[in-house]
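The exercises below ask you to read a structure step by step, from its exposed loops to its sheets and ligands. Try each task before you read the solution that follows it.

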Amino acid sequence: MRKMEGSTVDSESEDDEVQRNEGNNSELPGKEPPERGRILLEVENLKKYYPLKGGIITHTTGYTHAVDGVSFSVREGETLGLVGESGCGKSTIGRQIVGLERPTEGIIRYDGKDLSAMKPGELRQIRTQLQMVFQDPYSSLNPRKHIYEILAQPMLYHHIATKATVGKELERLLDMVGLSRNVLGRYPHEFSGGQRQRIGIARALSLNPRFLVCDEPVSALDVSIQAQILNLLKSLQKELNLTCIFVGHGLGAVNYVSDRIAVMYLGKIVEIGKAADVFRSPAHPYTKALIAAAPVPDPEKAGQERKLLEGEVGSSQEPPSGCRFHPRCPFAQESCRQTEPQMREVKPGSGHFAACPVANGKEARAHG
Ligand SMILES: Nc1ncnc2c1ncn2[C@@H]1O[C@H](COP(=O)(O)OP(=O)(O)OP(=O)(O)O)[C@@H](O)[C@H]1O
Ligand code: SF4
Ligand SMILES: [Mg+2]
């Protein structure tokens, strides 16, 4: 087994070997496009299984396979978008990365260091560099604390500021997220949804993080202010050279803020690549279906019928055998029920991978 970005690859035939070698060239230092930074986060075979409890004497009756063997990397200054239907494991990945939960298996390497192998003191320090912006800005802010406490306490605790400098730091933060400086004495319920999300972003930035997980930061907001928050996040990411994972349901918003996109289905990444490649030339049947099912923002195409994704997402307690998408896939064949497809590069050197033989050529032609 040999690892490639966003995938694990096994060996099958000589033909395949040639394609994999060519694909891997994009990872050689000499072939690196100049805009690419060094890898800041590497996730290897990450798994998170939640126990299911049952019976009179509560015992484990099974597991929810929330994340089931996911590998990817994020370069410094890059935004990786994570998309997929509800329950596919997007937030679970985010929580493992920022340390809100521990993985069942797998490695999360940040700045070259395995987080699970760190001593508690070192881990506490590193954790300040990995922060999260949550979907619901209201429930993520303590309603009993005013904004000064919400923002100043972590800065003082982690020695980002002293009592003498915290006032200036707070002003800088509020300016950065576009909030007036006189909000500090107010409580979260006194703000609109958009303002609350700005406070959530300010809190995430208060510890000067390098890495931000934005977990559906605009989904709970009014459509009219979603663009404002997206633009704010995008400009902050540039200004502060943040490395980000941006979680979203819709490919449109994710495409807008992301350099690359990973598409998830039932705990697995099924496609990953540059945002433009995944969005404009999707390879995996699931990604194609997601795009076809999305609302059309282009008025010229607005009359076109949306093709809704048919069938239920399978159970993450007993995931379908082989390719997990096979019960809903119009191209499914017998082998899809039996063999789990491996990630393959769609076009050599593109860094665009999909876990489907149909996406990779021969079978696609056979399917017509
Ligand atoms: N703490 C938990 N205990 C048990 N099961 C959990 C827990 N958190 C998540 N799950 C389950 O893990 C799976 C993945 O959940 P997750 O919240 O990561 O999905 P998601 O992709 O973020 O969905 P959404 O788009 O709705 O936010 C789901 O089946 C969910 O029910
Ligand atoms: S592997 Fe088979 S079932 Fe899965 S997406 Fe490809 S064609 Fe469909
Ligand atoms: Mg979620």
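A residue is buried if 20 or more other C-beta atoms lie within 10 Å of its own, exposed if 12 or fewer, and partly exposed in between, with C-beta atoms placed from the backbone. This is a predicted model, in which local features need pLDDT of at least 70 and side-chain atom pairs count only at pLDDT 80 or more, while totals for chains, interfaces and linings use all residues. Residues are numbered from 1 along each chain as its sequence is written, and chains are lettered from A and ligands numbered from 1 in the order in which they are written.

**Exercise 1. Loop residues**

Decide whether N241 is buried or exposed, and find the loop that holds N241.

Solution. Start with the count: N241 has 10 C-beta neighbours inside 10 Å and therefore counts as exposed. Next, place N241 in the chain, where it is found in the loop between α7 and β10; helices (H or I, at least four residues) and strands (E, at least two) are DSSP runs, numbered from the N terminus. Finally, look at the backbone: phi of N241 is near 50°, a positive value in a residue other than glycine. Most residues other than glycine have a negative phi.

Repeat the steps for D111, stating its surroundings and its phi.

Solution. D111 lies in the loop between β6 and β7. With 15 other C-beta atoms within 10 Å, D111 is partly exposed, and although it is not a glycine, it has a positive phi of about 50°.

**Exercise 2. The two sides of a helix**

Compare the C-alpha distance between the ends of α5 with the expected span, and then work out which residues of α5 are buried.

Solution. The expected span of a helix is 1.5 Å times one less than its number of residues. For the 12 residues of α5 (residues 166–177) this gives 16 Å, and the end C-alpha atoms are 17 Å apart, which agrees. The buried residues in α5 are L170, L173, L174 and V177. They cover an arc of only 95° around the axis, which puts them on the same side of α5; the arc is that of the directions from the helix axis to the C-beta atoms. An α-helix has 3.6 residues a turn, so residues three or four places apart point the same way. On the face turned away from the buried side, α5 carries the exposed residues K168, E171 and D175.

**Exercise 3. A covered strand and its partners**

Find how many residues of β10 are buried, and then identify the strands that β10 pairs with.

Solution. In β10 (residues 243–248), 6 of its 6 residues are buried. In a regular strand the side chains alternate between the two faces of the sheet. Both faces of β10 are covered, with T243, I245 and V247 buried on one side and C244, F246 and G248 on the other.

Two strands pair if DSSP finds at least two bridges between them. Strand β5 (residues 79–83) pairs with β10 in the parallel sense over 5 bridges, and V247 of β10 is the bridge partner of L82. Strand β9 (residues 211–215) also runs parallel to β10, joined to it by 5 bridges, and C244 in β10 stands opposite L212. From β9 the chain crosses through helix α7 (residues 223–239) to β10 in a right-handed β-α-β crossover; right-handed means that, with the strands pointing away from the viewer, the path from the first strand over the helix to the second runs clockwise.

**Exercise 4. The sheets**

Write down the strand order of the open sheet of 8 strands and of the open sheet of 4 strands.

Solution. The sheet of 8 strands has the order β8-β9-β10-β5-β11-β12-β14-β13, with mixed pairing. Its edge strands are β8 (130–133) and β13 (344–345), each of which pairs on one side only. The sheet of 4 strands has the order β4-β3-β6-β7, with antiparallel pairing. Here β4 and β7 (113–114) stand at the edges with a single partner strand each, so one side of each is left without a neighbour in the sheet.

**Exercise 5. The ligand shells**

Describe the residues around ligand 1 and ligand 2 by type.

Solution. A residue is near a molecule or strand if its C-beta atom, placed from the backbone, lies within 6 Å of it. Ala, Val, Leu, Ile, Met, Phe, Trp, Tyr, Cys and Pro count as nonpolar, Asp, Glu, Lys and Arg as charged, and the others, Gly among them, as polar. The shell around ligand 1 divides into 3 nonpolar, 9 polar and 1 charged, and α2 gives the most to it, with 3 residues. The shell around ligand 2 divides into 11 nonpolar, 1 polar and no charged; among its residues are C323, H326, C329 and C356.
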